[in-house]
Amino acid sequence: MCEEKSRADILREELFMKKEHTSCVIGEKGVNEADSFCEGYMNYLDASKTEREAVETALEMARAGGFTEFDKNVRYPAGSKVYVNNRDKSLILAVIGHKDIREGVSIAAAHVDAPRLDLKPNPLYEEADMAYFKTHYYGGIKKYQWTAIPLSLHGVIVKKNGEKVKVAIGDNADEPKFVITDLLPHLAANQMRSTMAEGIKGETLNILIGSRPFENTAAADSIKLNIMSILNEKYGITEADFLSAELEAVPAFSACDIGFDRSLIGAYGHDDRVCAYPALMAILDCEEPDYTSVTVLTDKEETGSEGNTGLDSKYLEYFICDLAAIYGAEGRDVLSRSKCLSADVNAAFDPNFPEVYEKRNSCVINGGVCITKYTGSRGKGGTSDASAEFMGEIRTLLDSENVCWQTGELGKVDEGGGGTVAKYIAHLNVDVVDLGVPVLSMHAPFEVVSKTDVYMAYKAFLAFFNK
Ligand code: MN
Ligand code: MN
């Protein structure tokens, strides 16, 4: 039976915005492509528990893909692939385009740091016949989520003689893990009455790291001595070497499929490696673009982008200036005509907590990559609000390349807020908008994303570079 469409139906189709499940748009073939893209992503996650490891893994992949260290004295022809490694904690990857550099560059900027527990400079102590590390949390965490879960330890120790020792222990099945203990419910009456912010305090985030005395002989500090002796044997360090170390405790989980349909990925550190990996893959896969294309994997976003490896530093600006100078251009002229996708996650609508979201303006899982026009809080405070013109440009680009996308605000007006690196890019007089993957349980030790959304982020960055 054939039904005539009413005029209202026709108009609805013509005039209303459609929200579709990405799987319905891309079909079985597209879903399979997304699944296989995400296998690479999950491997990247497992190899990249910290900003340093994320940079190291990316650098290995880039070198294998033909990227060489940037030399500001070389006039690179189109198609050249270069990188700048900023202190092993942030990385710039660029593919030189055909167009004059004065026409600007295309930048995708993601961050590779994630919330975690950093060891204090003097972390090791013994208490009640157990040894512990004291921590100072990094980034916005709900502290109670970090107790009673297995932790691994990653980072570097610079010894007195200058030698740098890498540490990565607790992620492999045969390695010991670490844990922060929590109070049993039987004795937690007071704790349970306190707020979730205060139930676990910063100074109780102490990591249990051992409990046997040196040579099985009781003496003051013999548990601590035993740990120090093990660390000395394994890493060649003394207690004072912790002062010149960056050691990070992170969840000891591997990335895994979530759901009977395996449509989702559960892992530590999706924010923001879920944008870093697609931006990395897009720069690796972009061949001879028109505009010079740049992926930035930055550090320190979770603590406000300050510090010389964060985007409040001038390292990106210096690179663009050096690149401009090669071709006789001014860095400021290049930057002023450049465009950037600030590649960061947004909060996916969570039906368990509908009260904090404004449903019409929240991104959803499987809705595609999310464009966030502005972030900030209390009346758009502290944000870079993308222009209608740039939004229009990106929207047209994504549609023309069949990238599934949606828009999202971070929760209800005045419910809270957040920020990204967008404002630091905007500070360089670059057109910028946030674009990234919707995340559930953001900043938890175990976050969730959708595989098709991850794949759409990759397609978006690739389209942006190849425009
Ligand atoms: Mn982020
Ligand atoms: Mn974050």
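**Exercise 1. Which residues coordinate the manganese ion (ligand 2)?**

Work with the structure above, which is a predicted model.

*Solution.*

Step 1. Find the donors. The manganese ion (ligand 2) is held by Asp271 (OD), by Glu302 (OE), which is listed twice, and by His443 (NE2). The distances run from 2.0 to 2.6 Å.

Step 2. Place the donors along the chain. Their spacing reads D-x30-E-x140-H.

Step 3. Ask what that spacing does. Aspartate 271 sits in helix α7, and histidine 443 sits in the loop between β19 (438-439) and β20, so the pair ties together parts that are 172 residues apart in sequence.

Step 4. Check the surroundings. Aspartate 271 and histidine 443 are both buried.

**Exercise 2. Describe the site of the manganese ion (ligand 1), and find the residue that coordinates both ions.**

*Solution.*

Step 1. List the protein donors. They are His111 (NE2), Asp271 (OD) and Asp344 (OD), with Asp344 (OD) listed twice. They lie 2.1 to 2.6 Å from the manganese ion (ligand 1).

Step 2. Read the spacing. For the manganese ion (ligand 1), the donor residues follow H-x159-D-x72-D.

Step 3. Locate two of these donors. Histidine 111 belongs to strand β4 (residues 105-111). Aspartate 344 belongs to the loop between β14 (339-342) and β15 (346-347). The pair is 233 residues apart and links distant parts of the chain. Histidine 111 and aspartate 344 are both buried.

Step 4. Connect the two sites. The manganese ion (ligand 1) and the manganese ion (ligand 2) are 3.3 Å apart. Aspartate 271 coordinates both.

**Exercise 3. Work out the strand order of the open sheet of 3 strands, and name the helices that pack on the sheet.**

*Solution.*

Step 1. Write the order. It is β11-β12-β20, and the pairing is antiparallel.

Step 2. Mark the edges. β11 (256-258) and β20 (447-450) each pair on one side only.

Step 3. Note the angle. On average, neighbouring strands of this sheet are turned by 35° against each other, direction ignored.

Step 4. Look at one pair. β11 and strand β12 (residues 264-267) are antiparallel and share 3 bridges. In one example, aspartate 257 has isoleucine 265 in β12 as its bridge partner.

Step 5. Add the helices. Helix α7 (residues 270-285) touches β12 and β20, and its direction makes about 30° with that of β20. Helix α12 (residues 451-465) touches β11, β12 and β20. The direction of α12 makes about 70° with that of β20.

**Exercise 4. Do the same for the open sheet of 6 strands.**

*Solution.*

Step 1. Write the order. It is β8-β7-β10-β5-β6-β9, with antiparallel pairing.

Step 2. Mark the edges. They are β8 (164-169) and β9 (207-210), each pairing on one side only.

Step 3. Note the twist. From one strand to the next it averages 30°.

Step 4. Look at the β9 end. Strand β6 (residues 130-138) runs antiparallel to β9 and is joined to β9 by 3 bridges. There, alanine 131 stands opposite glycine 210 in β9.

Step 5. Add the helices. Helix α3 (residues 51-64) packs on the sheet and touches β5 (116-127), β7 (151-158), β8 and β10 (245-251). The direction of α3 makes about 100° with that of β8. Helix α6 (residues 222-235) lies across β5, β6, β8 and β9 and runs at about 130° to β5.

**Exercise 5. Which residues touch the most other members of the largest nonpolar core?**

*Solution.*

Step 1. Take the core. The largest nonpolar core has 64 residues.

Step 2. Name the residues. Ile394, Leu435 and Phe461 touch the most other members.

Step 3. Find the main contributor. The largest share, 11 residues, comes from α12.

Step 4. Trace one residue. Neighbours within four places in sequence are set aside here. Isoleucine 394 is then in contact with Leu341, Ile371, Val433, Leu435 and Phe464.

**Exercise 6. How many disulfides are there?**

*Solution.*

Step 1. Recall the bond. A disulfide joins the sulfur atoms of two cysteines covalently.

Step 2. Set the test. The two sulfur atoms must be within 2.5 Å.

Step 3. Count. The result is 0 disulfides.

Step 4. Test cysteine 370. Its nearest cysteine sulfur, in cysteine 363, is 3.9 Å away. Cysteine 370 is in no disulfide. Cysteine 370 is buried, at a relative accessible area of 1%.

Step 5. Test cysteine 404. The closest cysteine sulfur, in cysteine 24, is 9.7 Å from that of cysteine 404, too far for a bond. Cysteine 404 also counts as buried, at 10% relative accessibility.

Methods: Residues numbered from 1 in each chain as written. Chains lettered and ligands numbered in written order. Predicted model: local features only at pLDDT ≥ 70, side-chain atom pairs only at ≥ 80, totals over all residues. Heavy atoms only, no water. Buried < 20%, exposed > 50% of the residue type's maximum accessible area, 1.4 Å probe, protein only. Pairing = 2+ DSSP bridges. Helix = DSSP H or I, 4+ residues; strand = E, 2+ residues; numbered from the N terminus. Axes fitted to C-alpha atoms, helices over the stretch in contact; angles between N-to-C directions. Contact = heavy atoms within 4.5 Å. Donors = N, O, S within 2.8 Å, 3.2 Å for Na, K, Ca; no water. Core = buried A, V, L, I, M, F, W, Y, C linked by side-chain atoms within 4.5 Å.
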